[in-house]
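Me: I've just opened this one and I'm finding my way around. Could we go through a few spots together?

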Amino acid sequence: MTAMSADKIQFILNNEEVELADIRPHDTLLDFLRLRRGLTGTKEGCAEGDCGACTVLVGKRTHGGVRYESVNACIRLMPSLHGVHIVTVEHLASETHGLHPVQKAMVDQHGSQCGFCTPGIVMSLYDAWINQTTDDLADTETALQGNLCRCTGYEAIIKAAKSAAEHRPCAKTDAIIRDQSKIADRLEQIHAARSAIHLAADGANSLIPGTVAELLEILHREPEATLIAGGTDVGLWVTKQMHAISPAVFIGHMDALRQIETTDAEISIGAAVTFADLKTPFAALAPSLAALIDRIGGPQVRHMGTIGGNIGNGSPIGDLAPALITLDARVELLSAAGARLMPLEDYFIAYGRQDRRPGEFIRSIRLPRSLQSRHFAVYKVSKRRDEDISAVCAAFALTLDPDGTVTRFRSAYGGMAGTPKRASGLEAALTGAVWSRETAQAAAQMLDHDFQPLSDWRASAEYRRLTAKNLVTRFYLDTVGEA
Amino acid sequence: MSSPPAPDAKTEITGAMHDALRHDSAHKHVTGAADYIDDLREPSGTLHAALGGSTRAHARITSMDLSAVRASPGVVRVLTAADIIGLNDTSSNGSRDEPIFATDLVQFHGQPIFAVIAATRDGARRAARLADIRYEDLPFWTTIDGALDNGAPEVVAPMTLQRGDAASALEAAPRHISGQMRIGGQEHFYLEGQIALAIPGEDQDMTVWSSTQHPSEVQHMVAHVLDCASHCITVSTRRMGGAFGGKETQAAAFACIAALGARLTGRPVKFRPDRDEDMASTGKRHDFRVDYQIGFDDEGRILGVEANFAARCGYSSDLSGPVTDRALFHADSSYFYPHVRLTSQPLKTHTVSNTAFRGFGAPQGMLAAERFIEEIAYALGKDPLAVRKLNFYGQGGDGRTLTPYHQEVEDNVIHQIVEQLEQDCDYQGRRQAILVQNAKGGVIRRGIALTPVKFGVSFTLTAYNQAGALIHIYQDGSVQLNHGGTEMGQGLHTKVAQVAASAFNIDIAQVRVTATSTDKVPNTSATAASSGSDLNGMAAFDAARQIRDRLIAFAALNWSVPAGEVEFLPNRVRIGTTIVPFAALIQAAYRARVQLSAAGFYKTPKIHWDRKTGRGRPFYYFAYGAACSEVSIDTLTGEYRVERTDILHDVGKSLNPAIDIGQIEGGFVQGMGWLTTEELWWDPSGRLRTHAPSTYKIPLASDRPKVFNVCLASGCANREPTIGRSKAVGEPPFMLASSVLEALSMAVASVAHYRTPPRLDTPATPERILLAIERLKGR
């Protein structure tokens with residue numbers, strides 16, 4: 001690392017300043033809270049970001065303020081927390097005002113039974129409450145997508161959310177509102193003093209660049225380093241596979257990678273833009289694309305996971321890829337040797353293999369803006385509707401000429417092969433055809449040639465084949481406005 | 001104008017029996033201040049354990065090299081079967097078929113072979129991966145079909161229930177159907193995983209904090225494993241983060257390993273497996289394959305039933321005997337079978353040993369009965385509800401009240417409950433509207449179903465139906481209450497505290513329930529079979545009554561009034577014309593040397609059961625309920641949603657309506673998960689691949705019914721003298737979820753105009769729905 005680099009991270013934990021140097025890249029926020037700080041209100045239920053018992057809020061500086069978002073502490077790696085405000089369940093109630101309105105609503109509505117998921121539920125409701133996103137039932141359900149409760153059946157929790165929403169955030173009952181300008185100032189100070197950070201502990205190294213130049217320099221020296229943006233995938237390598245990830249480069253905080261830039265021709269989305277932050281630009285492109293975001297993980301995962309990570313990990317079922325391929329997305333890779341721009345579909349070579357060279361990182365995903373002339377839809381089918389991994393994910397983009405003939409048809413599927421992949425047979429069969437239910441169904445038979453899916457715990461090959469075909473019909477019906 | 005009563009002259013106490021009181025730990029739950037075992041401050045020097053498990057489904061261990069494990073940083077000790085001081089066994093039924101550590105034979109993928117004790121949990125987990133174990137594979141099977149094909153042994157003796165002559169009745173019946181149903185298992189997915197903390201003491205003493213529904217059994221197991229007397233072992237449980245049956249027998253192995261590590265190292269040992277290890281190495285709900293023949297008349301009245309219930313029991317017996325028994329006990333659901341023969345087949349498979357789970361086999365039995373009804377309804381083209389009603393048990397004197405186990409159904413209220421719910425939720429009107437809508441075709445189809453529940457309450461092993469409680473009153477009038485039941489979220493401590501508060505007529509704030517502990521109340525039964533408040537509530541009442549009687553006798557003597565002139569008013573006591581605060585009476589009683597502590601006891605009356613003859617009265621009473629669910633399905637993908645559920649459930653005279661409604665809502669949604677998205681999947685090597693929430697999908701908030709109305713049935717006081725005339729509520733509501741499966745069936749059946757029974761197996765994942773649609777379309 002450069003001579004100027006710092007050797008510690010700084011953050012605020014509830015109302016306490018924390019400086020840490022003895023941090024390894026695989027140290028999780030949950031273990032830090034529980035084992036080092038005795039903050040045992042935050043629970044471990046699964047250690048893979050699926051149950052939400054470990055939910056805490058992370059406040060990030062934003063335009064002079066602080067934006068709070070729920071995250072899963074179990075897979076949140078410590079080096080990613082420099083310059084943030086971490087809020088745990090212990091911070092909500094106050095000595096003067098007793099229970100926080102969200103907590104009181106949970107008590108009054110009998111929202112807890114065994115109580116183990118409850119702190120996490122409280123924190124997710126708190127996230128929705130403080131950001132005032134719980135205006136209706138669907139929003140509350142969305143807010144709770146990342147929290148499992150095995151006792152209550154959720155009904156009482158939903159009632160609690162509704163009841164809490166009657167008390168709007170105010171400084172009297174809420175500590176983070178009371179302290180917001182103080183916290184914002186402090187985070188700004190930490191940010192202003194920022195230099196690259198290099199943490200070394202137990203022979204494991206965490207590298208936290210501040211700029212793209214620093215990142216390039218690190219990757220030039222450590223071309224095989226583990227790149228971590230949101231860590232929602234790498235977190236599981238740590239907690240489940242116990243892989244060594246050192247040296248690890250943390251890039252999720254980098255402003256340069258969190259930009260969304262729009263030109264006449266395209267939208268360039270920085271690799272570290274989170275799923276949550278994709279929702280608005282996606283909504284501008286296509287409603288179906290924005291709706292897909294709410295089917296990826298729960299809010300905690302969407303607050304951490306990034307578009308670059310979702311592409312970079314090369315998952316055959318990463319849900320963004322089929323949609324992005326169908327929309328002719330390109331991926332921009334950068335290294336000390338220069339930039340490369342390639343169609344996203346070419347980035348996926350085979351299962352577990354991507355076209356990323358040593359020392360390269362994904363800087364952005366580029367999407368053409370000319371979607372308005374087409375029909376576009378993406379469909380995700382999973383065993384459980386929310387917070388599940390696709391059995392099949394299918395995306396379609398269609399252009400028709402005025403007499404109803406298909407002039408262009410793009411389609412890609414996830415969950416059907418070793419990589420997210422174009423349905424080239426389907427595309428060929430439909431291009432030039434008259435767009436009708438019959439032609440759609442007939443062309444869908446080509447999917448048997450396009451894909452040879454596997455059977456696993458998410459679905460059988462038979463179901464994947466059948467659903468893949470039926471989704472073409474679904475798309476047809478949607479384009480003509482039938483249910 | 002009257003002034004408000006002074007605080008000491010309240011007309012009623014806070015927290016009496018039947019009050020909708022909140023959970024006694026609710027404040028602590030929401031602030032994170034409720035301590036679970038992993039939250040307890042660790043004693044200094046605490047070590048941590050991790051498991052090393054089999055990577056084969058069935059194999060002989062040919063060699064085991066643990067040197068790399070021992071050499072791993074921070075490792076203090078490695079435990080194998082050879083290190084066990086006493087018995088290498090945790091089988092709950094004495095059959096000694098459940099080793100803590102496998103020795104030369106492994107019988108399921110993930111079976112524990114050794115444990116590492118290390119300075120940190122992380123160090124223990126890392127070390128556990130370094131074992132070099134060689135195997136010689138043996139033939140294995142993980143499924144019921146595999147077991148049957150391979151002539152697998154039964155893990156316990158099967159049971160037969162019969163009445164009348166089923167074979168002749170089937171032959172004589174005008175109509176006859178045979179079929180098969182497959183019912184999936186279920187992972188408990190308690191949010192707090194298994195955990196134990198063992199702290200060694202002097203001599204052979206060992207204190208174990210265990211997340212268990214059965215502290216007494218853990219105590220006995222630890223004593224066996226450490227080869228010491230039970231009086232050395234104290235097992236305590238303040239609360240569990242959920243259990244659902246999964247911590248009835250399954251907690252013992254973790255406690256035993258922690259205790260063994262603590263004994264051998266002389267240091268405290270905590271053992272909290274990772275979620276994946278927990279799911280791979282602990283038992284689940286039994287899968288069943290039901291092969292059935294039913295005979296019925298042209299109206300749809302059942303004349304005869306023969307059914308065999310084959311179950312995936314896993315590699316050992318555990319609780320598979322009583323679980324498969326209870327499946328048979330509930331294979332009648334709410335229906336009278338004139339002639340019946342039911343058999344169980346508890347099959348050995350090379351999978352983790354299946355165990356207790358809310359309902360304990362009953363849900364599987366009842367689901368089969370609802371399948372019988374569905375078969376009849378589709379065969380006759382009738383509304384399944386009409387067929388259900390036709391076959392309900394009678395209400396006395398009509399010759400239709402005898403169960404297949406020869407117990408009379410004396411308290412039948414299913415007719416009233418079903419009819420009221422049918423009216424309240426407009427079942428008929430909505431069903432008609434759905435039939436009309438479905439007839440229009442379209443991709444989205446709807447279904448509606450109203451299904452009954454009748455659940456027998458009592459442990460079928462009569463000895464378990466006993467309980468103890470201990471009450472101390474201190475000199476300030478505060479009451480400390482302890483009982484043998486454990487708190488797993490069901491609000492048991494709250495209910496039992498309400499019983500004590502009512503018994504003394506004092507505010508519940510004066511009553512503190514302490515952690516369940518084997519040194520306070522000995523020889524307890526598992527908190528299971530929905531019996532927690534029935535048994536422990538009565539035991540607590542017995543203890544309170546003893547002290548109250550002493551207080552009455554003392555007050556009468558001291559104040560020279562007849563005993564009948566002593567009356568417990570809210571927080572006060574009237575003694576003749578004198579009124580004293582409760583605490584003042586206690587003070588006076590203490591000075592007069594009145595014993596202010598009592599141990600209470602209760603055993604359930606009337607029940608008896610002879611498994612060999614299949615006759616008796618295994619259940620003290622029945623709890624009833626009914627649910628109506630409406631669903632929509634997408635016939636292109638098989639995806640579905642539950643649009644609305646209405647429930648009317650009988651809890652007798654509720655001890656706490658808020659808690660009971662929570663049990664009903666939660667039980668229903670858990671049951672819905674079992675029947676819909678919760679799928680256990682073993683790969684061809686016999687390894688469970690749905691071993692974490694990323695792969696095993698329990699319901700989320702967005703899966704619950706969009707409209708969800710839950711009511712307690714009114715006027716249903718238990719005809720038996722249970723505590724406050726209440727009824728058990730833990731398990732019965734789980735089966736209300738069968739309404740979802742039946743509604744899905746109707747929606748699927750619509751694609752073939754209801755002429756073909758959809759025969760949906762469970763879990764009815766979107767995949768099963770879509771494949772059933774394809775099957776029906778092909779007809």
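Here are some questions and answers about this predicted model.

Me: Let's start with helix α17 of chain A. Which of its residues are buried?
Reply: Look along residues 437–444, the stretch that makes up α17(A). Over on the other side of the helix, A:Glu438 and A:Ala442 are exposed. The buried ones are A:Ala440, A:Ala443 and A:Ala444.

Me: Why do the buried residues A:Ala440, A:Ala443 and A:Ala444 count as being on the same side of α17(A)?
Reply: Start from the three buried residues, A:Ala440, A:Ala443 and A:Ala444. They sit on the same side of α17(A) because, going around the axis, they cover an arc of only 105°.

Me: And which helices do the buried residues of α17(A) pack against?
Reply: Their partners belong to chain A too. The helices are α16 (424–430), α18 (447–450) and α19 (461–479).

Me: Take α17(A) and α19(A) as a pair. Are they roughly parallel or antiparallel?
Reply: Their axes lie 8 Å apart, and the packing angle is about 160°. The cut-off for roughly antiparallel is over 145 degrees. So α17(A) and α19(A) are roughly antiparallel.

Me: Which residues of α19(A) make that contact with α17(A)?
Reply: The crossing of the two helices is right-handed. From α17(A), the residues taking part are A:Arg437, A:Ala440, A:Gln441 and A:Ala444. From α19(A), they are A:Lys469, A:Val472, A:Thr473, A:Tyr476 and A:Leu477.

Me: There's a sheet in chain A with the order β17-β18-β19-β20. Which strands stand at its edges?
Reply: This is an open sheet of 4 strands, with antiparallel pairing. Two of the strands have a single partner each, so one side of each has no neighbour in the sheet. Those edge strands are β17 (375–381) and β20 (421–422).

Me: Which helix packs on that sheet?
Reply: The helix touches β17, β18 (392–400) and β19 of chain A. Its direction makes about 145° with that of β17(A). The helix is α19(A).

Me: Over to chain B. How many bridges join β1(B) to β5(B)?
Reply: β1(B) is mostly covered, with 6 of its 7 residues buried. Its pairing with β5 (residues 112–118) is antiparallel, and one pair of bridge partners is B:His48 and B:Ala118. The number of bridges between β1(B) and β5(B) is 6.

Me: What about β12(B): does β1(B) run parallel or antiparallel to it?
Reply: β12(B) covers residues 269–271, and 3 bridges join it to β1(B). Within this pairing, B:Leu47 stands opposite B:Val269. The two strands run parallel.

Me: Is B:His48 buried or exposed?
Reply: You'll find B:His48 in strand β1 (residues 47–53) of chain B. Leaving aside neighbours within four places in sequence, its contacts include B:Glu42, B:Val116, B:Thr120 and B:Lys270. Its relative accessible area is 10%, and the cut-off is under 20%, so B:His48 is buried.

Me: Last pair: are α14(B) and α15(B) roughly parallel or antiparallel?
Reply: α14 (residues 492–504) and α15 (residues 532–559) pack with their axes 9 Å apart, at an angle of about 25°. α14(B) passes α15(B) in a right-handed crossing. Angles under 35 degrees count as roughly parallel, so α14(B) and α15(B) are roughly parallel.

How values were computed:
Residues numbered from 1 in each chain as written. Chains lettered and ligands numbered in written order. Predicted model: local features only at pLDDT ≥ 70, side-chain atom pairs only at ≥ 80, totals over all residues. Heavy atoms only, no water. Buried < 20%, exposed > 50% of the residue type's maximum accessible area, 1.4 Å probe, protein only. Arc of directions from axis to C-beta. Contact = heavy atoms within 4.5 Å. Pairing = 2+ DSSP bridges. Axes fitted to C-alpha atoms, helices over the stretch in contact; angles between N-to-C directions. Parallel < 35°, antiparallel > 145°, perpendicular 65-115°, else oblique. Left-handed = near helix turned anticlockwise from the far one by under 90°.
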